[in-house]
Amino acid sequence: MKIDVNWLGKDFHFEAENETNGKIRIDGNNEIGGLEGGLAPMQLLLAGVGGCSAIDVLHILEKQQQKVDSLKVEVDGDRQKVEGASHTEYRSIHLHFILSGDLDPKKVERALKLSITKYCSASKALEKGSEITYDYVIE
């Protein structure tokens with residue numbers, strides 16, 4: 001896996017591109033001189049966990065022959081300062097799944113649990129330093 005991060009020549013505005021030409025904008029907040037024209041790096045971590053888990057959940061539910069009409073994940077991270085360091089990390093990450101369709105709540109719960117605890121590489125990468133929780137609603 002390879003990602004290129006290219007500076008766009010203004011302030012702290014970058015574009016990340018993967019090997020198949022998928023792109024996303026990255027930027028610092030305006031407090032440090034960013035344009036706020038993209039996601040901040042720590043926001044990308046949350047987006048990664050939400051996207052990774054959403055892909056897992058959709059895949060698992062489709063295998064269980066569940067009809068998903070819509071799926072949204074609201075990801076909330078609580079950052080804390082690391083003692084003796086100049087950076088912060090996520091103390092906790094909470095994923096709130098909002099689904100609609102012809103769905104069995106037991107199958108949804110199983111799909112969520114499998115994603116968070118077993119399949120989602122992004123959440124597995126962050127679980128040592130962050131408590132990761134989830135809940136859901138079927139509309």
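In the predicted model described here, lysine 81 has threonine 88 of E5 as its bridge partner. Strands, like helices, are DSSP runs numbered from the N terminus (E, at least two residues, for strands; H or I, at least four, for helices). The pair belongs to a ladder in which 14 bridges join E4 to E5, and these two strands run antiparallel. Two strands are taken to pair if DSSP finds at least two bridges between them. As this is a predicted model, local features need pLDDT of at least 70 and side-chain atom pairs count only at pLDDT 80 or more, while totals for chains, interfaces and linings use all residues. Residues are numbered from 1 along each chain as its sequence is written, and side-chain values use heavy atoms, with hydrogens and water left out.

The protein chain contains three helices and six strands, which follow one another from the N terminus as β-β-β-α-β-β-α-α-β. Along the principal axes, its C-alpha atoms fill a box of roughly 50 × 40 × 30 Å. Of the 139 residues, 28% are buried, where buried means under 20% relative accessible area, exposed means over 50%, and partly exposed lies in between (1.4 Å probe, protein chains only). The chain exposes about 8900 Å², of which carbon and sulfur atoms supply 51%; these areas come from the Shrake-Rupley method with a 1.4 Å probe. Among contacts (heavy atoms within 4.5 Å) between residues at least 6 apart in sequence, 49% join residues at least 24 apart.

Strands E4, E5 and E6 form an open sheet in the order E4-E5-E6, with mixed pairing. Strand E4 (67-81) and strand E6 (131-138) stand at its edges with a single partner strand each, so one side of each has no neighbour in the sheet. From one strand to the next, the twist averages 15°. Helix H1 packs on this sheet and touches E4 and E5, its direction making about 35° with that of E5. Helix H2 also packs on the sheet, touching E5 and E6, and its direction makes about 160° with that of E6. For these angles, axes are lines fitted to C-alpha atoms, for helices over the stretch in contact, and values run from 0 to 180 degrees between N-to-C directions.

In E4, where arginine 79 is found, the surroundings can be followed residue by residue. Arginine 79 counts as partly exposed because its relative accessibility is 44%. Beyond its neighbours within four places in sequence, arginine 79 is in contact with Met42, Thr88, Glu89, Tyr90 and Arg91. Histidine 94 lies 15 residues from arginine 79 in sequence and 12 Å from it in space, C-alpha to C-alpha.

A second open sheet of three strands has the order E1-E2-E3 and antiparallel pairing. Its edges are strand E1 (3-7) and strand E3 (23-26), each with a single partner strand, so one side of each is left without a neighbour in the sheet. The twist here averages 25° from one strand to the next. Five bridges join E1 to strand E2 (residues 14-18), and tryptophan 7 stands opposite phenylalanine 14 in E2.

The helices can be checked against their expected span, which is 1.5 Å times one less than the number of residues. The 23 residues of H1 should span 33 Å, which agrees with the 33 Å between its end C-alpha atoms. For H2, with 15 residues, the expected span is 21 Å and the end C-alpha atoms are 20 Å apart, which agrees. The buried residues of H1 include Leu46, Val49, Val57 and Leu61, and their cover includes E4, E5, H2 and helix H3 (121-126). Just after H1, glutamine 65 takes a positive phi of about 60°. In H2, the buried residues are Val108, Ala111, Leu112, Leu114, Ser115 and Ile116, and they pack against H1, E5, H3 and E6. Serine 115 counts as buried because its relative accessibility is 0%. Not counting residues up to four places away in sequence, serine 115 touches Ser53, Asp56, Val57, Ile60, Cys120 and Ser123.

The largest nonpolar core has 18 residues, of which Val57, Leu61, Ile93, Leu95 and Leu99 touch the most other members. Helix H1 (41-63), strand E5 (88-102) and helix H2 (105-119) each supply at least two residues of this core. Such a core is a set of buried Ala, Val, Leu, Ile, Met, Phe, Trp, Tyr and Cys residues joined through side-chain atoms within 4.5 Å. Apart from neighbours within four places in sequence, the contacts of leucine 95 include Val49, Val73, Ile116 and Ile132.
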